[in-house]
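Trainee: Could you walk me through how to read a few features of a protein model? I'd like the general idea each time, then the case at hand.

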Amino acid sequence: MKKLVSIIMPIYNAGRFIKRTLDSVLKQTFKDFEVICINDCSTDNSLKILEEFANKDNRIKIFNNENNLGAALTRNVGIDNAQGEYIYFLDSDDYIEEKYLECMVQKIEQENCDIVLNLSIVNETNGISTPYKHPSMSQIQENGEYLDKITTIHDAPCFIWARMYRKSFLNKNNLRFLDIHATDDVVFNAIVNMYCEKTFVFYGEKYHYTVNNTSVTGVAKAIDDRDLQHIRAYSMIYDYLKAHNKLDDRLKLFRVYPFMKVDTEEKFDYYKKFFEKIEADFHKNENIYNEMEKFFAYSLLETPTYEEYLKKYNKVVTIGFLRRKM
């Protein structure tokens, strides 16, 4: 039977958390949903737990990937098999409060929009709960307001699990996740929002996000690679929007974050090729970028080799920028 909401959950070795996650879903005051659980070749007891839940509640449906696809492409499996009018993505190690789905459905139907974004988020780290406050969203009205697509992309958090999407909107524009294993939410929402003129942003029931620091080595590696991951994401976004004639003169093609470094030849080469690719569009709309962003672009465009870059600038982009200012 068709359900109003399709909850899509990619699952890979989530045995430690998935019972809590599914319990929170089954306790929802809103009942008209299906849970599409896609097992992405888990090697732990995740599938066994899923089967136990599915045997108790027929709203839980299990799909098994033949090969490990990663979270992004696995979510596409969910979208393609969803029967609901609305799509909601839930991470398998997080959980939602009892009226979460009810408030999301209420807002998307009241506002008759394609995307709603709920800013009520709690970080759960080692048993400590901390309300998440996005720095650019502090002025949003409690009952909600609309943001245009450029403001949403530049300023709103990119979390896909904080949003509900109208499925017909995704299908009409053939919007799916691209094949990227990190920052897939950044890529997906940047592309999706270029097709959505406005997003309704509000504060509703809480989403509890689990900060899972199970691997010190893995976390350290992820931190080292964040800057490269972000530029790769921007490159994919640019390629997609360019190919689909969706570039907008108001859209920044990249951002600079405090953690960004040019500390390997691999990064230097990738960044340089990226800026060479976007150079014409960057020059055309240069006025929308801040001084540090322009410094980052020009320092890469004007320097022929990594060795010369190291002589002229600091590996840390912000330090190099401040030295130039002085």
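The talk below goes through strands, cysteines, cavities and aromatic rings.

Mentor: Keep in mind that this is a predicted model. Let's begin with strands.

Trainee: Fine. In what order do the four strands of the open sheet sit, and which are the edge strands?

Mentor: The idea is to follow the pairing from one strand to the next. Here the order is β5-β12-β7-β8, in an open sheet with mixed pairing. The edges are β5 (95-96) and β8 (128-131), each of which pairs on one side only.

Trainee: How many bridges join β7 to β12, and do they run parallel or antiparallel?

Mentor: Residues 121-125 make up β7 and residues 207-210 make up β12; the two run parallel and are joined by four bridges. To fix the register, look up a bridge partner: valine 122 has histidine 208 of β12 as its partner.

Trainee: Which strands pair with β10?

Mentor: Strand β4 (residues 86-89) pairs with β10 in the antiparallel sense, over three bridges. Strand β6 (residues 115-118) is also antiparallel to β10, again with three bridges. For the register, isoleucine 87 stands opposite tyrosine 165, and leucine 117 stands opposite arginine 163.

Trainee: Are the side residues of β10 buried or exposed?

Mentor: Check each face in turn. Strand β10 covers residues 163-166, with Arg163 and Tyr165 on one side and Met164 and Arg166 on the other, and all four are buried. Both faces of the strand are covered, then.

Trainee: On to cysteines. How many disulfides does the structure hold?

Mentor: Zero. The thing to look at is the distance between sulfurs, with a cut-off of 2.5 Å. The sulfur of cysteine 41 has its closest cysteine sulfur in cysteine 37, 15 Å away, so that is too far for a bond. Cysteine 196 is in no disulfide either, and the nearest cysteine sulfur, in cysteine 113, is 7.3 Å away.

Trainee: What is the accessibility of those two, cysteine 41 and cysteine 196?

Mentor: Cysteine 41 counts as partly exposed because its relative accessibility is 27%. Cysteine 196 is buried, with a relative accessible area of 3%.

Trainee: How many cavities of 30 Å³ or more are there?

Mentor: Two. With a cavity, read the volume and then the lining. The largest has a volume of about 50 Å³, and its lining includes Leu247, Asp248, Lys284 and Asn285. That lining divides into three nonpolar, one polar and four charged residues.

Trainee: Which residues line the second largest cavity?

Mentor: Leu119, Tyr132, Lys133, His134, Met137 and Tyr203. Its volume is about 30 Å³, and the lining splits into four nonpolar, one polar and one charged.

Trainee: Last topic: how is a pair of aromatic rings described?

Mentor: By two values, the distance of the centres and the angle of the planes. The structure holds 28 aromatic pairs. In one of them, tyrosine 88 and tyrosine 100 have ring centres 5.7 Å apart and planes at 55°, so the pair is tilted.

Trainee: Where do tyrosine 88 and tyrosine 100 lie?

Mentor: Tyrosine 88 is in strand β4 and tyrosine 100 in helix α4 (residues 100-110), so the pair ties together parts 12 residues apart in sequence. Tyrosine 88 is buried at a relative accessible area of 0%, and tyrosine 100 is buried at 0% too.

Trainee: Which residues do ring pairs link into a cluster?

Mentor: Phe254, Tyr271, Phe274, Phe275, Phe282, Tyr289, Phe296 and Tyr298.

Note on methods
Residues are numbered from 1 along each chain as its sequence is written. This is a predicted model: local features need pLDDT of at least 70, side-chain atom pairs count only at pLDDT 80 or more; totals for chains, interfaces and linings use all residues. Side-chain values use heavy atoms; hydrogens and water are left out. Two strands pair if DSSP finds at least two bridges between them. Buried means under 20% relative accessible area, exposed over 50%, partly exposed in between (1.4 Å probe, protein chains only). On a 1 Å grid over the protein atoms alone, a cavity is a set of points where a 1.4 Å probe fits but cannot get out, and a pocket is an open set with protein on both sides within 12 Å along at least five of seven lines; lining residues have an atom within 4 Å of a point. Grid points are joined across faces, edges and corners, and a volume is the space filled by probe spheres set on the points. Ala, Val, Leu, Ile, Met, Phe, Trp, Tyr, Cys and Pro count as nonpolar, Asp, Glu, Lys and Arg as charged, and the others, Gly among them, as polar. Rings of Phe, Tyr and Trp (its six-membered ring) pair if their centres lie within 6.5 Å; planes under 30 degrees apart count as stacked, over 60 as edge-to-face and the rest as tilted.
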